[in-house]
Amino acid sequence: MRITKYTHACVRLEHEGRVLVIDPGTWSEPAALRGADAVLVTHEHADHIDVLRLAGLDVPVHAPAGADIPRLDVTGVSAGTDFSAGGFRVRATGGRHAFVHGGRPDCANLGYIIDDAVYHPGDSLHVPEQPIETLLVPAQGSWMKTGEAVEFVNAVRPQRAFAIHDGQINDRGLSSVNRWLAEETDCGYRYLRPGESL
């Protein structure tokens, strides 16, 4: 499977001619969606979903059931659900956005486990019950601190981890977060710049 990271939380997965895109938000590049067979949205915040771009795409979009996503026809998904999206096997997990402050933002947030191998948690640090090969770990957010990212990786114990949710960090801050994740976890952590694939 080929994984390509785009700006912030957007990730493109390609396997045997199929393309699945997760969280193509307003900060991600339009190229991430080129040839997409399906889209997964972890939650309704604009840094994870660009409604106008997806409305013109004409591919299935899966999002948490009950999410407030106007002007877009989505298939609602609940935690614990197994389904197919663009030919990929997907398991939805988690359920709520991480706590920020004063209960905001309180919305549904699903993590997605793709083909029992790749885990995108969206804006949460939900630890799934099953083993994970590749973890897409949030590197920064108004709802977290670096120590929580390190603890999350160590709790999941993936074979490898890559940063997502890094669009608000300047190069100096990103260097610090990457150093902490590389030194304090034992999973071969590596940073992928937007557009870089593995």
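In the predicted model, the side chain of T134 makes a polar contact of 2.7 Å with the side chain of R160. T134 belongs to strand β11, and R160 is also among the residues that T134 touches when those up to four places away in sequence are not counted, the others being I3, A117, V118, Y119 and F162. T134 has a relative accessible area of 4% and is therefore classed as buried, since the class takes in residues under 20%.

The burial of T134 is shared by the rest of its strand, for 5 of the 5 residues of β11 are buried. The side chains of this strand are divided between two directions, with T134, L136 and P138 pointing one way and L135 and V137 pointing the other way, and residues of both groups are buried.

Strand β11 forms part of an open sheet of 6 strands, in which the order is β7-β8-β9-β10-β11-β12 and the pairing is mixed. The edges of this sheet are taken by β7, residues 82–85, and by β12, residues 160–164, each of which pairs on one side only. On average, and with direction ignored, neighbouring strands of the sheet are turned by 30° against each other.

Within this order, β11 has a parallel partner in β10, and the two strands, which span residues 134–138 and 118–120 respectively, are joined over 2 bridges. In this pairing Y119 has L135 of β11 as its bridge partner. Helix α2, made up of residues 146–156, packs on the sheet and touches β10, β11 and β12, while its direction makes about 160° with that of β11. The pairing of β11 with β12 is likewise parallel and comprises 5 bridges, and here the bridge partner of V137 is A163 in β12. Between these two strands the chain passes through α2, and the resulting β-α-β crossover from β11 to β12 is right-handed.

The loop between β10 and β11 contains Q130, whose side chain is joined to that of D116 by a polar contact of 3.2 Å. Apart from neighbours within four places in sequence, Q130 is in contact with R91, I113 and D116. With a relative accessible area of 19%, Q130 counts as buried, because the limit for that class is set at under 20%.

A second open sheet of 6 strands is arranged in the order β1-β2-β3-β4-β5-β6, again with mixed pairing. Its edges are formed by β1, residues 2–5, and β6, residues 75–77; each has a single partner strand, so one side of each is left without a neighbour in the sheet. From one strand to the next, the twist of this sheet averages 25°.

In the sheet that begins with β1, strand β3, residues 18–22, and strand β4, residues 38–40, pair in the parallel sense over 3 bridges. Across this pairing, V21 stands opposite V39 of β4. Strand β3 also includes I22, which is buried with a relative accessible area of 0%. The contacts of I22, leaving aside its neighbours within four places in sequence, are with A9, C10, V11, L13, L40, T42, I114 and H120. By contrast with these contacts, a separation of 18 Å is found between the C-alpha atoms of I22 and G80, which are 58 residues apart along the chain.

One of the residues in contact with I22, namely C10, also enters into the account of the cysteines. The count of disulfides in the model is 0. C107 takes part in no disulfide, and the nearest cysteine sulfur to it, that of C10, is 18 Å away, whereas the cut-off for a disulfide is a pair of sulfur atoms within 2.5 Å. C107 is nevertheless a buried residue, with a relative accessible area of 5%, and for C187, which is buried too, the relative accessible area is 5%.

Key. Residues numbered from 1 in each chain as written. Predicted model: local features only at pLDDT ≥ 70, side-chain atom pairs only at ≥ 80, totals over all residues. Heavy atoms only, no water. Pairing = 2+ DSSP bridges. Helix = DSSP H or I, 4+ residues; strand = E, 2+ residues; numbered from the N terminus. Axes fitted to C-alpha atoms, helices over the stretch in contact; angles between N-to-C directions. Contact = heavy atoms within 4.5 Å. Buried < 20%, exposed > 50% of the residue type's maximum accessible area, 1.4 Å probe, protein only. Polar contact = N/O pair within 3.5 Å; in protein donor to acceptor, adjacent residues only side chain to side chain. Right-handed = clockwise from strand over helix to strand, strands pointing away.
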